[in-house]
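Hi everyone, thanks for coming. Let me put my structure up on the screen, and then we'll walk through it together.

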Amino acid sequence: MRARGLVAALISVAACMAQSFSQRGFLETQLVGYPQTAWNDSGRAIGESLLRYEAFYKLSSGWQFSGGIDARADTHRQDARALHLSWNDREIQRPAFEVRRLSAIYHRGPLTIELGRQFIRWGKADILNPTDRFAPRDFLGVVDNEFLAVTGARLTYERGGETLDAVWVPLFTPSRIPLFDQRWLVAPAGLRVVDAGAHYPGGSQAGLRWNHLGAGYECSLSFYQGFNNLPLLSVVGTPLPAPGIWLQRLYPQMRMYGGDAAVPLKLLTVKGEAAYFTSSTPQADNYALYVIQLERQQGEWMFVGGYAGQAVTRKRQALDFAPDRGLASAFLGRATWTIDTNRSLAFEAAARQNGDGAWLKAEYSHALGQHWRVKAAFTLIRGSPGDFLGQYRRNSHGALTVRYSF
Amino acid sequence: MSKAILCLLVSGLAWAEDARQIVEEAQRRSRSGSEHYEGSLQVINARGKITAKRWLYDRIGSHGNSKAVLRFTAPAEVKGVALLIVNHPDRASDQWMWTPALERDRRIALQDRRTRFFGTDFSFEDLEERDVGQYDYKMLGEETASGAACWKIESRPKQSKISQYDRSILWIRKDHYVFWQIENYTKDRPVRRATYADLQEVQSIWTARTVEMADLRENSRTILKLEKLEYNVPMKDDSFTLQALRRESR
């Protein structure tokens with residue numbers, strides 16, 4: 001009798017857990033082909049597989065836990081071969097195993113606190129977000145990039161249409177930049193560039209954002225004090241025997257004053273985002289970045305078009321890796337066509353206003369059944385060598401991706 | 001002659017009043033403080049290919065003064081995608097969509113709402129709750145629809161309501177005051193038709209447990225079955241905010 005009671009209790013506990021537990025993930029394999037080689041990279045084809053698993057458990061109405069892991073392997077050594085689990089994403093290669101997220105959330109009334117490795121996104125624009133300061137990215141493929149999580153604490157207080165978001169990140173997570181011995185680092189022909197490591201900031205990052213939802217509009221003001229997740233690059237050490245240099249990554253101090261707004265109108269939605277950045281690091285610029293974009297839905301087509309601008313108020317050093325500023329002074333656009341339930345076609349483009357660089361991506365996506373999706377994409381890059389986009393003109397590529405979601 | 005015109009005018013006004021009263025009664029009878037169901041969807045395209053989807057639906061408040069959250073649970077690749085709808089009595093709803101892959105919410109613009117909602121035949125606007133006060137009504141007569149005797153009523157959105165539809169024809173069952181069919185028109189062309197079936201009394205509220213939405217231009221349809229339907233479930237207002245959308249949609 002007691003055993004039966006125990007079994008019934010276990011079954012009921014298991015049922016409760018099943019109701020509070022959710023998981024998702026996918027296994028994705030991608031083949032990327034480059035029609036042209038680069039002087040420092042003769043590879044024309046790269047294969048990469050990614051297994052992503054995320055699990056979420058709701059302990060009670062107040063407590064939730066989330067965890068996620070990525071496992072990767074590739075043919076081009078963009079992914080590390082060492083079987084090491086990365087907790088902080090500071091490796092120059094993508095780690096073979098990585099803790100994608102691991103956090104605890106406590107929620108009570110209007111207050112939400114999340115502690116741990118998590119994704120934090122700020123801003124309202126779609127293609128470029130100057131105020132999105134807690135969102136480092138993996139830029140190994142520059143134009144095909146992905147967000148990385150940060151480790152910290154986030155406190156959100158939401159009352160009516162007002163939201164206050166306070167973030168503290170004690171451990172710095174840098175954006176991952178192109179590998180120095182591969183095609184996405186464009187160096188003068190023959191010049192060997194060797195990684196001299198990074199000088200990671202020891203201090204923490206903090207930010208505050210106030211968001212207001214009005215009747216028919218929303219706007220935010222944000223402040224950030226910390227470090228740029230995109231590095232300055234400096235030549236260090238003794239010259240290499242062959243023509244070559246050591247490059248060290250330095251992440252400059254940064255303070256940001258930003259704001260964003262979205263106003264949905266009858267015919268268009270207007271979105272804007274702007275930020276002013278200052279730095280106490282002697283080599284870093286002071287500058288403003290802004291984006292204004294218009295959105296329009298026409299049938300099953302979605303159009304986004306806008307302009308990203310930049311104003312440098314104090315110029316200090318030229319050598320850096322800054323895709324956000326690289327997309328400034330440019331017209332940006334995106335068009336998406338939902339063909340039917342399972343198929344879509346998307347175009348994304350950026351063109352520098354001086355005509356020195358342009359990037360166009362076309363992607364066709366097709367879902368097959370409940371689990372499979374196939375994507376075919378082609379990215380065309382054109383421009384002059386001195387332009388941020390134009391320097392990658394030999395890196396136009398096609399990609400075929402097969403994903404199994406579970 | 002003038003008496004005849006007056007009679008016609010008076011009877012027309014009376015019919016219009018009847019139409020509004022019928023819709024108000026239908027709304028009154030379906031009123032509940034909250035609602036929860038698990039939606040099982042079959043999307044059937046013009047070639048007969050079937051795609052299955054599932055979502056969880058929670059609503060707090062009712063008709064024109066409500067908030068709802070809809071979360072996809074299947075297929076796997078859209079698991080976690082969620083929509084927050086904040087309905088207003090005097091204007092179109094506010095809607096935000098949460099996309100886990102982007103880890104952020106996006107406001108759905110007014111003109112976006114004619115778009116198919118995640119590959120189903122429901123548009124974003126079809127997911128709004130309609131309040132009686134946002135429409136003008138006209139009685140068109142009585143008609144049998146799907147085997148049930150119905151009132152046939154035309155509704156037109158008032159100026160304050162921004163809708164993709166110029167007008168809709170409503171069929172409301174005479175026995176239980178339940179919406180039984182809705183045909184939506186744009187520029188005098190029928191564009192979407194919702195038909196209801198599987199009528200059941202759930203916690204004293206007569207509810208159609210199956211809704212079929214047909215996109216008449218694409219020749220596709222979506223069948224939504226309301227499973228595990230419950231009314232007046234205890235829910236908290238703070239589960240229907242942007243933070244809750246981010247927090248809970250995992």
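I'll talk about confidence, then some strands, then the cores, and finally the contact between the chains.

So, first thing: this is a predicted model. For the complex, the predictor reports an ipTM of 0.81 and a pTM of 0.87. Chain B has an average pLDDT of 87, with 91% of its residues scoring at least 70. Now look at residues 1–14 of chain B, where the pLDDT is below 50. Beyond near neighbours in sequence, that stretch has zero contacts in the model. Where pLDDT is low, the predicted coordinates shouldn't be read in detail.

Okay, on to some strands in chain A. Take S5(A) and S6(A), which pair antiparallel over seven bridges. One bridge there links His107(A) with Thr112(A) in S6(A). There are two residues between the strands of this hairpin, and Gly109(A) takes a positive phi near 55°. S6(A) also pairs with S9(A), again in the antiparallel sense, over eight bridges. On that side, Thr112(A) stands opposite Thr156(A) in S9(A).

Next, an open sheet of three strands in chain A, in the order S11-S15-S14, with mixed pairing. Which strands stand at the edges? They are S11 (192–199) and S14 (232–236) of chain A; each has a single partner strand, so one side of each is left without a neighbour in the sheet. From one strand to the next, the twist averages 35°. S14(A) and S15, residues 244–250 of chain A, run antiparallel and are joined by five bridges. Leu232(A) faces Leu250(A) in S15(A) across that pairing.

And that leucine comes back when we get to the cores. The largest nonpolar core has 48 residues, and Trp180(B) is among those with the most contacts inside it, along with Leu84(B), Ile153(B), Ile172(B) and Phe179(B). Leaving aside neighbours within four places in sequence, the contacts of Trp180(B) include Ala145(B), Cys150(B), Trp171(B) and Tyr196(B). A second, separate core has 38 residues, and Leu250(A) is in there, together with Leu128(A), Leu140(A) and Tyr251(A), among others.

Last bit: how many residues does each chain bring to the contact? Chain A brings 34 and chain B brings 26. On the chain A side, S1, S5, S9, S16 and S18 each supply at least two residues. S18(A) gives the largest share, three residues. By class, that side of chain A has nine nonpolar, 15 polar and 10 charged residues.

That's me done, thanks for listening!

How values were computed
Residues are numbered from 1 along each chain as its sequence is written. Chains are lettered from A and ligands numbered from 1 in the order in which they are written. This is a predicted model: local features need pLDDT of at least 70, side-chain atom pairs count only at pLDDT 80 or more; totals for chains, interfaces and linings use all residues. pLDDT is the predictor's confidence in each residue, from 0 to 100. Two residues are in contact if their C-beta atoms, placed from the backbone, lie within 7 Å. Two strands pair if DSSP finds at least two bridges between them. Helices (H or I, at least four residues) and strands (E, at least two) are DSSP runs, numbered from the N terminus. Axes are lines fitted to C-alpha atoms, for helices over the stretch in contact, and angles run from 0 to 180 degrees between N-to-C directions. Ala, Val, Leu, Ile, Met, Phe, Trp, Tyr, Cys and Pro count as nonpolar, Asp, Glu, Lys and Arg as charged, and the others, Gly among them, as polar. A nonpolar core is a set of buried Ala, Val, Leu, Ile, Met, Phe, Trp, Tyr and Cys residues joined through C-beta atoms within 7 Å. A residue is buried if 20 or more other C-beta atoms lie within 10 Å of its own, exposed if 12 or fewer, and partly exposed in between; C-beta atoms are placed from the backbone.
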